[in-house]
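Please open the model in your viewer and keep the sequence panel beside it. The stops below can be selected one after another, and each comes with a short account of what is there.

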Amino acid sequence: MSKLAINGGKPLRDAKTDPWPKWPVWDENEEKGLLEVLRSGVWSYNGPKEVEFNKSFAKFIGTEYAISAANGTVSLQLALEACGVGLGDEVIVPGLTWQATAGAVLDVNAAAVLVDVRRDNWCIDPAEVDQAITPQTKAIIPVHLYGCFADMDAIMAIARKHKLRVIEDCAHKHGGELKGRKAGSIGDVGSFSFQLSKLMTAGEGGALTTSDPELFERLDALRNCGRRPESQESADKGAGLYGSEGDLIQSGNYRITDFQAALLIESLKRLPQQNRIRGENAKYLNSLLAELPGVVPMKNDKTEALGACYNFSFRYNKAKFRDLDVRKFREALGKELACSVEASYEPLNACSLYTPHTKPRRYRLSKKYWHQIDPAAFELPVCHKIFTEESVCFHHTVLMGKKADMDLIAGAIKKIYDNAEELL
Ligand SMILES: Cc1ncc(COP(=O)(O)O)c(C=O)c1O
């Protein structure tokens, strides 16, 4: 008789009687905030909730400024524009990330240069960044992917040496802290997403963080049709928003609503405690994984708190599982645990959602550019190994429960290991 749930055996968890923690999290505080906005009639445009959120987010991240934006895709685009990146420039991005990281580069008419990642933490490999630099390179976008920090010491050193801008893609790292600095406060600009699945959410939304007053001014204007505040005071009051002529800059509407800001204010209040729970569980689960055959915990800096992780991931070694394909392993694990177990993002040189050549009227700016942005022109062997052979990822909600849930995850891996022959 089969033991594994995927073959009809009894699963280790029954989602009906024992569901995983829910996401998003909200209570009467969110309801109260949303009603306040509703009744105030100030539903958007530098409303009081947006101003309050920007201030508290900047304070939390440890930057002088934070600016909310429509989502974490346009925030990257605005960051690039504010840094002066455009046609003729190259921007180095990791090959393993959500397509928006590279797509934003195309949307400012620059060329996204895809480089490989490190196998132990799936983040951009500084050695590859170094190799990819040309006289056209203007910026680097390290992504703190899933649960790991990109090697910011190495990246900042490269950026300083070559006078490049660094835009941290923090869509997965709200509140992540390394050596006393939060993600989003290390590079020139930090870019955040508040899409529904993220560690902070308003359904959709984004934010930019910086301590550079010039970048702040440009970012603020770019997200608001080119308008700029006359002074910080007038910006805080949401008034006096038309800058003097000559100061102006062409742009569009990338603002959020005050409803979103009301949710984000509460989301930010919840984040430290949620990160603490996730951090304790991630640390414990990693310690269990380290004792199991055939799986390898992600490599994190010892000083890093682990709670700011969009996904809990680990590496699978199929040789130890009698060559069982990782897809089958993930499927079996999902059935045991009654939750979704996913692969990493598809490498961007073979990603079905990163296809610049489907838009010739927009991106065929020149023959050279068309060539430069061909994803297939980049080699990303490590990204491919991770995607096709090694990646096992859970949404962060699995870390929001009890220590016993971590024992269950480790138990499910062991059960599959012990019964792998059922799947061969
Ligand atoms: C690494 C990364 N960057 C950027 C984004 C874009 O954020 P948004 O969905 O808010 O546009 C995402 C969203 O998943 C992401 O994962």
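Begin by selecting Pro24, which is found in the segment before α1 (28-40). Keep in mind from here on that the model is a predicted one. The peptide bond that leads from Trp23 to Pro24 is cis, and its omega is near 0°. That makes a reasonable first stop, because most peptide bonds are trans and most residues other than glycine have a negative phi.

**The whole chain**

Now zoom out until the full protein is in view, and colour it by secondary structure, which will show 14 helices and 13 strands. Along its principal axes the C-alpha trace spans about 80 × 55 × 40 Å. A compact globule with 424 residues would have a radius of gyration near 22 Å, and the protein, at 22 Å, agrees with that. Buried residues make up 49% of the 424 residues. If you count the contacts between residues at least 6 apart in sequence, 72% of them join residues at least 24 apart.

**The nonpolar core**

Which residues touch the most other members of the largest nonpolar core? Select Leu80, Val91, Ala112 and Ala139, which hold that place among the 124 residues of this core. The helix that gives the most to the core is α9 (residues 258-290), with seven residues. Stay with Ala139 for a moment and show its surroundings: leaving out residues up to four places away in sequence, Ala139 touches Leu80, Cys83, Val85, Val91, Leu164, Arg165, Val166 and Ile167.

**Around the ligand**

Next, centre the view on the ligand, which has 14 residues around it, and select Gly72, Thr73, Trp98, Ala171 and Ser193, the ones that come nearest. If you colour the shell around the ligand by residue type, its residues divide into four nonpolar, nine polar and one charged.

**Two loops with a positive phi**

Move on to Asn109, in the loop between α4 (100-106) and β3 (111-115). Although Asn109 is not a glycine, its phi is positive, at about 70°. Asn109 is partly exposed, because 17 other C-beta atoms lie within 10 Å.

Then select Arg322, which lies in the loop between β11 and α10. Arg322 is not a glycine either, and has a positive phi of about 50°. Is Arg322 buried or exposed? Arg322 counts as exposed, because it has 12 C-beta neighbours inside 10 Å.

**Helix α10**

From Arg322, follow the chain into helix α10, residues 326-337, where a measuring tool placed on the end C-alpha atoms should give 16 Å. The twelve residues of α10, at 1.5 Å a residue, should span 16 Å, so the expected span and the modelled one agree. Within α10, highlight the buried residues, which are Val326, Phe329, Arg330, Ala332, Leu333, Lys335, Glu336 and Leu337. To see what covers them, show the elements that include β11 (311-316), β12 (341-342), α13 (381-390), β13 (391-395) and α14 (403-418). After α10 comes Ala338, whose phi is positive, near 55°.

**Between α9 and α14**

Two selections now bring together residues that are far apart in the sequence panel. Select Leu288, which belongs to helix α9, and Asp407, 119 residues away along the chain; their C-alpha atoms are separated by 7.7 Å. Setting aside its neighbours within four places in sequence, Leu288 is in contact with Met406 and Ala410. Leu288 is partly exposed, because 17 other C-beta atoms lie within 10 Å.

The second selection is Ala404, placed in helix α14, together with Asn281. From C-alpha to C-alpha, Ala404 and Asn281 are 9.5 Å apart in space, although 123 residues separate them in sequence. Ala404 is exposed, because 8 other C-beta atoms lie within 10 Å.

**A last stop at Gly252**

Finish with Gly252, in the loop between α8 (232-237) and α9. How far apart in space are Gly252 and Gly226, C-alpha to C-alpha? The distance between them is 7.0 Å, while in sequence they are 26 residues apart. Gly252 is partly exposed, because 13 other C-beta atoms lie within 10 Å.

Notes. Residues numbered from 1 in each chain as written. Predicted model: local features only at pLDDT ≥ 70, side-chain atom pairs only at ≥ 80, totals over all residues. Helix = DSSP H or I, 4+ residues; strand = E, 2+ residues; numbered from the N terminus. Expected span 1.5 Å × (residues − 1). Buried ≥ 20, exposed ≤ 12 C-beta atoms within 10 Å, placed from the backbone. Contact = placed C-beta atoms within 7 Å. Near = placed C-beta within 6 Å. Nonpolar A, V, L, I, M, F, W, Y, C, P; charged D, E, K, R; others polar. Core = buried A, V, L, I, M, F, W, Y, C linked by C-beta atoms within 7 Å. Rg over C-alpha atoms; globule rule 2.2 N^0.38 Å.
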